[in-house]
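Please look over the sequence and the model below. The report that follows deals with the ligand site and one helix beside it.

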Amino acid sequence: MTGAGGPVGVAVVGCGTISDEYLRNMTSFPDLNVVFCADIDVDRAKTKAAEYGVPDVGNTAQALDHPDVEIVVNLTVPAAHAEVSAMAIAAGKHVWVEKPLALDTATGRALLEQAAEAGMRVGCAPDTLLGAGLQTSRRIIESGRIGAPQTALALFQVPGPERWHPAPQFLFQVGGGPLFDMGPYYLTTLASLLGPAHSVAAVAGRSRDQRVVGRGPQAGTTFDVEVPTHVSALISYVGGQSATIVLSFDSPLRRNGFIEVTGTEATLSLPDPNRFDGDVKSQTADDEDWTVTPASGATAGRGLGVLDLARSLRAGQPHRATGELALHVLDIMESIARSAQAGTFEPVRSTFTVPATLPAGWDPTAPTLT
Ligand SMILES: NC(=O)c1ccc[n+]([C@@H]2O[C@H](COP(=O)([O-])OP(=O)(O)OC[C@H]3O[C@@H](n4cnc5c(N)ncnc54)[C@H](O)[C@@H]3O)[C@@H](O)[C@H]2O)c1
């Protein structure tokens, strides 16, 4: 049973592709109690609820009416993120939302203001931030091993998600493209390591105006590409560091998960920011090879951010994958898009507080809210 002190009641809204990973994990975390599955396509909600043993199903309004639901996990498509999150907050629910927080910074900011006024919390993907790989990287940087971080290089280059996603159109519409779809993993990681950005410059383009669905019932269907599919950006941080990032759906060559942070003493090679595990490697100018540090921490996968939100809520402490951080990342992405269009350096005006690292031994499977 949910309620003050016990496991936190959760409703999933949006039972599509990524809901499987969330549901599999969240139903295995004893501090969460998944009580409702909702979707505009109620049959999808029914299928997922049956598969993961979730007791109630229906539409979004019914999920928000459910008395045991404290956190709404919004896994809808980006165009619906802000609307569904705003409905949840208005109903007195805390929100975890998939990335991006909203389609634009103004809408994202309004959502956070609405939440603050209502006394509700907003958490936002990516929660890979809480995974073993990135937490280990943060601990290494905080230990001083690479000296003072100066620069970063991040690369995400793939042929495009229409090759594997059964309904990929949204990934090529406003709110998608490599910048808004994959940028959050790389930019959130960089933000957690380097702090807030203050300006960006970028160029962008697209290799073709139409793509073809590669898999599933829609395979062979042609659809329009509405956003840039290759983005190269420079980011300047408030702390004086800089980053170079390439995000591309136009690359026959696959080279993704690449993030290096170079400090005054060594370069750190991070694991894929879209994963929860992976080795962390460092190299000084005197080393001939990498020194490998295995990642230690939670590797369960998506849903860790919901769990941290739930536990932090009960403890009255700040959660880590905050709406504020997501808004800053959205601001960076919007500024990159603006810069690419205008050919100018663009300021990034929002800021955020770097979240605390997770305590050693943070265990998703331990019941702490009995
Ligand atoms: N697919 C992935 O591998 C992946 C990975 C990480 C994050 N994400 C993010 O997760 C989100 C969902 O992606 P997906 O791939 O699962 O998409 P999807 O299209 O497979 O699923 C989205 C679901 O949301 C439902 N939905 C849409 N609008 C709704 C609304 N207004 N109210 C209720 N339900 C609504 C749809 O009916 C659908 O079932 C996106 O923000 C995406 O960026 C996806």
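## Basis

Helices here are DSSP runs of H or I with at least four residues, numbered from the N terminus. The model is predicted.

## The ligand shell

Helix H4 spans residues 78-90. Helix H4 gives the most to the shell around the ligand, contributing 4 residues. In total, 25 residues surround the ligand. Those that come nearest are Thr17, Ile18, Asp39, Arg44 and His165.

Sorted by class, the shell holds 12 nonpolar, 7 polar and 6 charged residues. The ligand takes up the space of the largest pocket.

## Polar contacts and burial

Which ligand atoms meet polar protein atoms? In these three pairs, the ligand partner is an oxygen atom. Arg44 places a polar side-chain atom 2.6 Å from a ligand oxygen. His165 also uses a polar side-chain atom, at 2.8 Å from an oxygen of the ligand. Lys99 takes part through its backbone: a polar backbone atom lies 3.0 Å from a ligand oxygen.

How much of the ligand does the protein bury? Taken alone, the ligand exposes 820 Å². The protein buries 87% of that area.

## Ile89 in helix H4

Ile89 belongs to helix H4. Is Ile89 buried or exposed? Its relative accessibility is 2%. The cut-off for buried is under 20%, so Ile89 counts as buried.

Ile89 and Leu111 are 22 residues apart along the chain. Their C-alpha atoms are separated by 8.6 Å.

Technical notes
Residues are numbered from 1 along each chain as its sequence is written. This is a predicted model: local features need pLDDT of at least 70, side-chain atom pairs count only at pLDDT 80 or more; totals for chains, interfaces and linings use all residues. Side-chain values use heavy atoms; hydrogens and water are left out. A residue is near a molecule or strand if one of its heavy atoms lies within 4 Å of it. A polar contact is a pair of N or O atoms within 3.5 Å; within protein, one must be able to donate a hydrogen and the other to accept it, and residues adjacent in sequence count only if both atoms are side-chain atoms. Accessible areas come from the Shrake-Rupley method with a 1.4 Å probe; for residues, only the protein chains shown count as cover. On a 1 Å grid over the protein atoms alone, a cavity is a set of points where a 1.4 Å probe fits but cannot get out, and a pocket is an open set with protein on both sides within 12 Å along at least five of seven lines; lining residues have an atom within 4 Å of a point. A molecule sits in a cavity or pocket if more than half of its atoms lie within 2 Å of its grid points. Helices (H or I, at least four residues) and strands (E, at least two) are DSSP runs, numbered from the N terminus. Ala, Val, Leu, Ile, Met, Phe, Trp, Tyr, Cys and Pro count as nonpolar, Asp, Glu, Lys and Arg as charged, and the others, Gly among them, as polar. Buried means under 20% relative accessible area, exposed over 50%, partly exposed in between (1.4 Å probe, protein chains only).
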